[in-house]
Amino acid sequence: LNEVGLIISVMAVFIVLVTIYLTYRKRHHRAIVFAQVEFIFLLLGGLLLVAFGAIMVAIPPDDSICVSAIWFINIGYTLELVPLIVKVSAINRLMSAAKKLKRVV
């Protein structure tokens, strides 16, 4: 079962690295610019840390591996979710100001 988890997490790392490369190559395209390149890289960096944490969970346990896996997973989810929450909050503030017909600064 650990081998299956290791294979899946290595595939996740590979997919995230390919996505980072493609995002960097196409960073000047209109859709990527509108999605904010820095935002995308934060999300992908968080996903990469979570995937590395999954690799560490799949290998035989050791004290240092257990601690680093917890840190990688926690920091990865933080980097992945905090920008989403901030962006949703900004959009919510913009939409509520639009309903009141006020300028957002």
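1. Let me start with how the chain folds back on itself. Among contacts in the protein between residues at least 6 apart in sequence, 60% join residues at least 24 apart. Please keep in mind while reading that this is a predicted model.

2. Next, the overall make-up. The protein has 4 helices and 0 strands, and from the N terminus on its elements run α-α-α-α. The radius of gyration is 18 Å, well over the 13 Å that the globule rule gives for 105 residues, so the protein is more spread out than a compact globule. Taken along the principal axes, the box filled by the C-alpha atoms is roughly 60 × 30 × 20 Å. As for burial, 22% of the 105 residues in the protein are buried.

3. Now to the helix pairs. In general, two packed helices are described by the angle between their axes and the distance between the axes. How do the axes of helix α1 and helix α3 cross? Helix α1 covers residues 2-25 and helix α3 covers residues 37-58; their axes come within 8 Å and cross at roughly 160°. An angle over 145 degrees counts as roughly antiparallel, and that makes α1 roughly antiparallel to α3. The crossing of these two helices, α1 and α3, is left-handed. Sorted by class, the contact of α1 with α3 has 18 nonpolar and 5 polar residues, with no charged residues.

4. A residue worth finding on your screen is Thr 23, which lies in helix α1. Is Thr 23 buried or exposed? Its relative accessible area is 7%, and the cut-off for buried is under 20%, so Thr 23 is buried. If we leave aside its neighbours within four places in sequence, Thr 23 is in contact with Ile 32, Ile 40, Phe 41 and Leu 44.

5. The second pair is α3 with helix α4, the latter made of residues 63-99. Here the helices pack at an angle of about 155°, and their axes are 8 Å apart. α3 and α4 are therefore roughly antiparallel to each other. The crossing in which α3 passes α4 is left-handed. Which classes of residue make up the contact of α3 with α4? The residues divide into 18 nonpolar, 4 polar and 2 charged.

6. For a close look at α3, try Val 50, which has its place in that helix. Val 50 is buried, with a relative accessible area of 15%. Not counting residues up to four places away in sequence, Val 50 touches Phe 72, Ile 73, Gly 76, Tyr 77 and Glu 80. Another distance you can check is the one from Val 50 to Ile 70: these residues are 20 apart in sequence, and 9.4 Å apart in space, C-alpha to C-alpha.

7. Finally, a backbone detail in a loop. Where is the place of Gln 36? Gln 36 sits in the loop between α2 (30-35) and α3. Most residues other than glycine have a negative phi. Phi of Gln 36, however, is near 70°, a positive value in a residue other than glycine. As for its surroundings, Gln 36 counts as partly exposed, at 40% relative accessibility.

Note on methods
Residues are numbered from 1 along each chain as its sequence is written. This is a predicted model: local features need pLDDT of at least 70, side-chain atom pairs count only at pLDDT 80 or more; totals for chains, interfaces and linings use all residues. Side-chain values use heavy atoms; hydrogens and water are left out. Axes are lines fitted to C-alpha atoms, for helices over the stretch in contact, and angles run from 0 to 180 degrees between N-to-C directions. Angles under 35 degrees count as roughly parallel, over 145 as roughly antiparallel, 65 to 115 as roughly perpendicular and the rest as oblique. A crossing is left-handed if the near helix is turned anticlockwise from the far one by less than a right angle, and right-handed if clockwise. Ala, Val, Leu, Ile, Met, Phe, Trp, Tyr, Cys and Pro count as nonpolar, Asp, Glu, Lys and Arg as charged, and the others, Gly among them, as polar. The radius of gyration is taken over C-alpha atoms; the globule rule is 2.2 Å times the number of residues to the power 0.38. Buried means under 20% relative accessible area, exposed over 50%, partly exposed in between (1.4 Å probe, protein chains only). Contact means heavy atoms within 4.5 Å.
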